[in-house]
Amino acid sequence: ELLSKLSLAPKELVYILNGFARSGYDKTHCLELRAKLNIPNHKFVILLASRAVAGKGWDIAIEALRILHNKGINAHLVLAGEGVEKQSAETASVQLGLQDHVSFVGQVSTLGQYISLANVCMVPSTFIGESMPLVLIEYLAQGKVVIASDIGSIPSMLKLEIGRAHV
């Protein structure tokens, strides 16, 4: 309907993938950010950057952190984003005794710095309609290891000619 209103033929359309301005951050920025978040230099850092809404996996990330700590792995979870599930995640982290191992940084304008800080990045979405999350592109552009759900278009984004690129 829109095509006919605009007098466009389908062959005149071009599909444009998501993109972003890539910017790298050096070790000094990472050390400064660790200090700001009170994360010791030796601690393993996991990042989840998304809206804090049902289906984006904030609860899964907190549970993963609990499992790691129960196995003796000293990890720190950084949750970047805002939304209605943020309070639930904060409460869960306290109830599980993980409040000193989780940083809730809100929506950040310098996401690239947080990605640089992370050892591993997550996209634990359970949202069936997940279509090409831009954050996944940003993670991969910085060469990060990504733990991602096998849902929506995520598997196709992580597929290589020789197999899958994700954990």
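# A tour by selection: strands, core and pocket

Start by selecting strand E3, residues 102–106, where four of the five residues are buried, so the strand is mostly covered. The model on screen is predicted.

**E3 and its neighbour E2**

Keep E3 displayed and add E2. The two strands pair in the parallel sense, over four bridges. For one point of contact along this pairing, pick Leu79 and look across to Phe104 in E3, which stands opposite. Next add helix H4, residues 86–95: the chain leaves E2, passes through H4 and arrives at E3, and this β-α-β crossover is right-handed.

**The whole chain**

Zoom out and colour by secondary structure. The protein chain has seven helices and seven strands. Read from the N terminus, the order of elements is α-α-β-α-β-α-β-α-β-α-β-α-β-β. If you colour by accessibility instead, 39% of the 167 residues come out as buried.

**Strand E4**

Select E4 and show its side chains. Val120 and Met122 point one way, Cys121 and Val123 point the other way, and all of them are buried.

E4 has pairings with two strands to inspect:

- With E1, the pairing is parallel and runs over three bridges. Leu47 has Cys121 as its bridge partner in E4.
- With E5, the pairing is also in the parallel sense, over four bridges. Here Cys121 stands opposite Val146 in E5, and Val123 stands opposite Ala148 in E5.

To follow the chain from E4 to E5, add H6. The path goes from E4 through H6 to E5 as a β-α-β crossover, and its hand is right.

**Strand E5**

Now select residues 145–148, which form E5. Which side chains of this strand are buried, and which are not? The side chains alternate: Val146 and Ala148 share one face and are buried, whereas Val145 and Ile147 point to the other face and are not.

**Leu47 in E1**

Centre the view on Leu47, a residue of strand E1. Is Leu47 buried or exposed? Its relative accessibility is 1%, under the 20% cut-off, so Leu47 counts as buried. Then draw a C-alpha to C-alpha distance from Leu47 to Val123: the two residues are 76 apart in sequence and 9.0 Å apart in space.

**The largest nonpolar core**

Leu47 and Val123 also belong to the next selection. The largest nonpolar core holds 24 residues, and the members that touch the most others are Leu37, Leu47, Val78, Tyr114, Val123, Tyr139 and Ile154. Show these as spheres. At least two core residues come from each of helix H2 (27–37), E1, strand E2 (75–80), helix H5 (111–117), E4, H6 and E5. Which element gives the most to this core? H5 does, with four residues.

While H5 is in view, select Leu117, which lies in this helix. Leu117 has a relative accessible area of 4%, below the 20% limit, and is therefore buried. A second distance to draw is from Leu117 to Leu31: these residues are 86 apart in sequence, with 8.1 Å between their C-alpha atoms.

**The largest pocket**

Switch to a surface view. The largest pocket contains about 360 Å³ of space. To find its centre, select Ala49, Ser50, Arg51, Ala80 and Val135, the closest to the centre among the 22 lining residues. Strand E1 (44–49), strand E4 (120–123) and helix H6 (134–141) are the elements that give two or more residues to the lining. Of the elements, H6 gives the most, with four residues. Colour the lining by residue class and you will have 12 nonpolar, five polar and five charged residues.

**Two loop residues with positive phi**

Finish with two backbone checks. In the loop between H2 and E1, select Asn38. Its phi is near 60 degrees, a positive value in a residue other than glycine. Asn38 has a relative accessibility of 65%, over the 50% cut-off, so this residue counts as exposed.

Then move to the loop between E4 and H6 and select Met132. Met132 is not a glycine either, yet its phi is positive, at about 45 degrees.

Definitions and conventions: Residues are numbered from 1 along each chain as its sequence is written. This is a predicted model: local features need pLDDT of at least 70, side-chain atom pairs count only at pLDDT 80 or more; totals for chains, interfaces and linings use all residues. Side-chain values use heavy atoms; hydrogens and water are left out. On a 1 Å grid over the protein atoms alone, a cavity is a set of points where a 1.4 Å probe fits but cannot get out, and a pocket is an open set with protein on both sides within 12 Å along at least five of seven lines; lining residues have an atom within 4 Å of a point. Grid points are joined across faces, edges and corners, and a volume is the space filled by probe spheres set on the points. Ala, Val, Leu, Ile, Met, Phe, Trp, Tyr, Cys and Pro count as nonpolar, Asp, Glu, Lys and Arg as charged, and the others, Gly among them, as polar. Buried means under 20% relative accessible area, exposed over 50%, partly exposed in between (1.4 Å probe, protein chains only). Two strands pair if DSSP finds at least two bridges between them. A crossover is right-handed if, with the strands pointing away from the viewer, the path from the first strand over the helix to the second runs clockwise. A nonpolar core is a set of buried Ala, Val, Leu, Ile, Met, Phe, Trp, Tyr and Cys residues joined through side-chain atoms within 4.5 Å.
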